[in-house]
Every structure is written in C-alpha cells, then in structure tokens.
Amino acid sequence: MTPSARIQAAIEILDQVIAAARDNGPPADRLVADWFRGHRFAGSKDKRAIREHVYDAIRACGPMPATGRRAMLGLVEEQPELRALFTGEGYGPPAIGRNEKPAEGGIAPEWLENRLIASGVGQDEAEALLSRAPLDMRINRLKVAAGVPDLPEEGETLALPGAVRFPSGTQVNAWEAYDTGVIEVQDLGSQLACSAVGAQPGETVIDLCAGAGGKTLALAAAMSNEGTLVAADTDRRRLSQMAPRAERAGAQIAREVLLDPGKELDALQEWLGEADRVLVDAPCSGTGTWRRNPEARWRLSEAELGRLTALQARLLEVAAQLVKPGGSLTYVTCSLLDEEGAGQVDAFLKANPGWRADLPDLPLGTPRGAGTRLSPARDGTDGFFIARITKA
C-alpha cells in the first residue's frame, strides 16, 4: 500500500469507529482487527501504519468528530507532513479543500473536560490520559515464589514487587511464560489496587465485580490459594472466561457466582457478614483507561455517568453487608472523576458512621479524599481511585 492509501484506509476505519461510538457498537480495536481481516493484501508495515494513524487521529480529537476525514484532518494539524498525502491519486484521499475544517481538538467533550477540572485534574495530567500505555505484567507468585523468571525480553522492574513493564506492543502472548501462567498481563495500577485489598492466606475474600477475573487471580496469588475466594459478577460471558484463566494460573477459586442485577445479595446469602475482605472494582466511566481506549471519551454521556454513579453507590451498600466486623471493603474505579471516587466514599462514610477510612500503604499515588489517586502523569499507571474502608 502507498502512504496515501494507508491514510484513506485509516479514514474508512475512523468512520466505523465514530458510528460505533455514537450507537454503542464494537470498540475501536475490534473494528481495526475486522478491517485487517477483510483486507488481506495489507502487509505488516501497512497494518502498523494504519493502526497508528487511526489511534493518533482519535487522540487528536476532543469531542467526537462528524466524520473520519475530519478526524484525520485534525491529525494533520498535529502532523503537517501528512498533508502531502491528500492527493486524490490512486487509492489516496482527495486533496484537502480550502474551506475544509478539521475536527475540534482538546482532551474530551467540553462537559467532560469540566468534570475533570472540577476533580483537580490539571492540563498535564489530562494530556497524559491520551498518551500511549506501556505493557505491564504481574509475575504469578503461585508459579514463581520470588524474583523475575527468565523471559525472552528484559523488562523494567516497577515499584510493586513482581510488577514488570515492557514497551507497548510487546508480543507476550507468544511467550511460554504466558502460556504456562507464569506471567499475567495487568497494568501496574490494577496490581496496586489488588495489593490495597491486603488479602491474606486463610481469609474469606469476595471479588464482587470480578469480570473475567484479572484481579481475582491476583487475589488468589496473594492468598497463596489458602482460604475462600469468591468471584461474583452479573456478566455471564465474562465470568465464563475465568475458569480457563484460573487453570492456566494455578489459581483456586472457591466459587464463581453469577449475580442477578439488583438482587445481588440473593446469590450471596451464605457470605452475609462473613467476609474478611471485599473488593468492589466498580463499573465506571473508564476515564483512567483512555490511554488504551481513547474513543471511550466519545461514548460517555452525562446521563450514563449518572447511571454509573448510582450503581457504584448501590454496590458499596451491597458489599458492606458482606463484610464481617473488623473486616474491610476496598473500593476501586479506573476513573479520575471525584463523583466516581472520593465523592462516593465520602458519601458512604457519612451515611455509615460504623465505618472508617483505612488508607492503604502503597508505593505510588496521591491522597484524594479518603483514598488514593493514581494517574499516568504522576505514577505511570492507568488512572485509578483506590480506597479501603474498615467496619467497626
């Protein structure tokens, strides 16, 4: 493919990404992969260039652009050398018209930028949310007792023991250590959230929003497979992915519990007031994960944010009923918005005087309300809010 044809391919994919964001369709990475499958003639260099154009253009736009072409013109504002590729020749995009306007730049739609500012997120911190994320891994202590095993490439050891970082795009899924469960792909921020739980061998621990089990596996390792670990979620498809992952990792999960939304406690009756620790990795806006999913900021609306914050508050109340006296609840969101983080925990503590903040001792992070905030700019992680609260 010519460089101009790569630009046109990126524009076609961007049109699909924009439509999917508007209609709650597939994520960008799936749309990119689908385009590559349908265009077998594209070589590896073509694919790499097209992918970079697509994601660079998404990052260059603040509000959702009207078309893929306008998104790409927004990228031209940042990378002027691309202008010469708009020739209209061959399979390339038509020449740029005199009155054509690029998509609007910025961090996010205006209303969302205002929410970030109100949450104390400065310009540098906001811009870092749209940087490229590295690839972090967790050494599975169920397979390797200490140190870092021999790996095909040498990574950077991080602030948390057992955390190793590699450049974005490292093909770790082709490594034997990945196939055998010696390593797990997990952002350092997510690993720190699991560390904050403080799970110990012999305890009863509940992962209330377990999803496909990334954090559940880390909890199993922290517990050395001793005690009772319960993984619960309302998503049957994601929960079904846990068993093969646990088998590969050598993790023992006592029970996988499918929850009925709004009736979660019906399926968790036997653990009411019995859990030493409960992790609530709550559904959220995902503002902290824009490095990986930059188009997510186009999908979020004020109404959806309101739905999510109401759900988070309810999950906190559900989790609180599972914790035994003296036990703890760790609340986590991959968001930098206070209404999903510090504000949620502050409201819970005011409404539940029998609970107190128990700030976890983490090697990274900045205090925020009753918890800790992690951010790409300050900590090199995805954006997270982490709070641990203890029942009297």
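This briefing covers the overall build, the main nonpolar core and several individual residues of one protein. The model is predicted. The protein contains 15 helices and 13 strands. Its radius of gyration is 22 Å, which agrees with the value near 21 Å for a compact globule of 392 residues.

**Overall shape and surface**

- Along the principal axes, the C-alpha atoms fill a box of roughly 70 × 45 × 35 Å.
- Buried residues make up 54% of the 392 in the protein.
- The accessible surface is about 17,200 Å². Carbon and sulfur atoms account for 48% of that surface.
- Take the contacts between residues at least 6 apart in sequence: 74% of them join residues at least 24 apart.
- The protein carries 44 positive and 54 negative charges. The mean positions of the two sets lie 2 Å apart.

**The largest nonpolar core**

- This core has 33 residues. Leu208, Val278, Val280 and Leu329 touch the most other members.
- Six elements each supply at least two residues of the core: strand 6 (228-233), strand 8 (275-281), helix 13 (302-320), strand 9 (323-333), helix 14 (342-351) and strand 13 (384-391).
- Helix 13 gives the largest share, with 6 residues.
- Leu208 has contacts well beyond its sequence neighbours within four places. Among them are Ala232, Asp233, Leu259 and Leu268. Val278, Leu279 and Val280 are also in contact with Leu208. So are Leu315, Val318, Ala319 and Leu322.

**Helix 9 and the loop after it**

- Helix 9 (214-222) is mostly covered, with 7 of its 9 residues buried.
- The buried residues are Lys215, Thr216, Leu217, Ala218, Leu219, Ala220 and Ala221. A lysine, Lys215, is on that list.
- Ser224 comes just after helix 9 and has a positive phi of about 55°.
- Asn225 sits in the loop between helix 9 and strand 6. Its phi is near 60°, a positive value in a residue other than glycine.

**His53 in helix 3**

- His53 is part of helix 3 (residues 44-60).
- His53 counts as buried because its relative accessibility is 13%, under the 20% cut-off.
- Leaving aside neighbours within four places in sequence, His53 contacts Arg6, Ile7, Ala10, Met72, Leu75 and Leu82.

**Asn24 between helices 1 and 2**

- Asn24 lies in the loop that links helix 1 (3-23) and helix 2 (28-38).
- With a relative accessible area of 66%, Asn24 is exposed, since exposed means over 50%.
- The phi of Asn24 is near 60°, positive although the residue is not glycine.

**Gly354 in a later loop**

- Gly354 is placed in the loop between helix 14 and strand 10 (355-357).
- Gly354 is partly exposed, at 38% relative accessible area.
- Not counting residues up to four places away in sequence, Gly354 touches Thr390, Lys391 and Ala392.
- Gly354 and Ala163 are 191 residues apart along the chain. Their C-alpha atoms are separated by 35 Å.

Methods
Residues numbered from 1 in each chain as written. Predicted model: local features only at pLDDT ≥ 70, side-chain atom pairs only at ≥ 80, totals over all residues. Heavy atoms only, no water. Helix = DSSP H or I, 4+ residues; strand = E, 2+ residues; numbered from the N terminus. Rg over C-alpha atoms; globule rule 2.2 N^0.38 Å. Buried < 20%, exposed > 50% of the residue type's maximum accessible area, 1.4 Å probe, protein only. Contact = heavy atoms within 4.5 Å. Areas by Shrake-Rupley, 256 points an atom, 1.4 Å probe, with all protein chains shown as cover. Lys, Arg positive; Asp, Glu negative; His and termini not counted. Charge placed at Lys NZ, Arg CZ, Asp CG, Glu CD. Core = buried A, V, L, I, M, F, W, Y, C linked by side-chain atoms within 4.5 Å.
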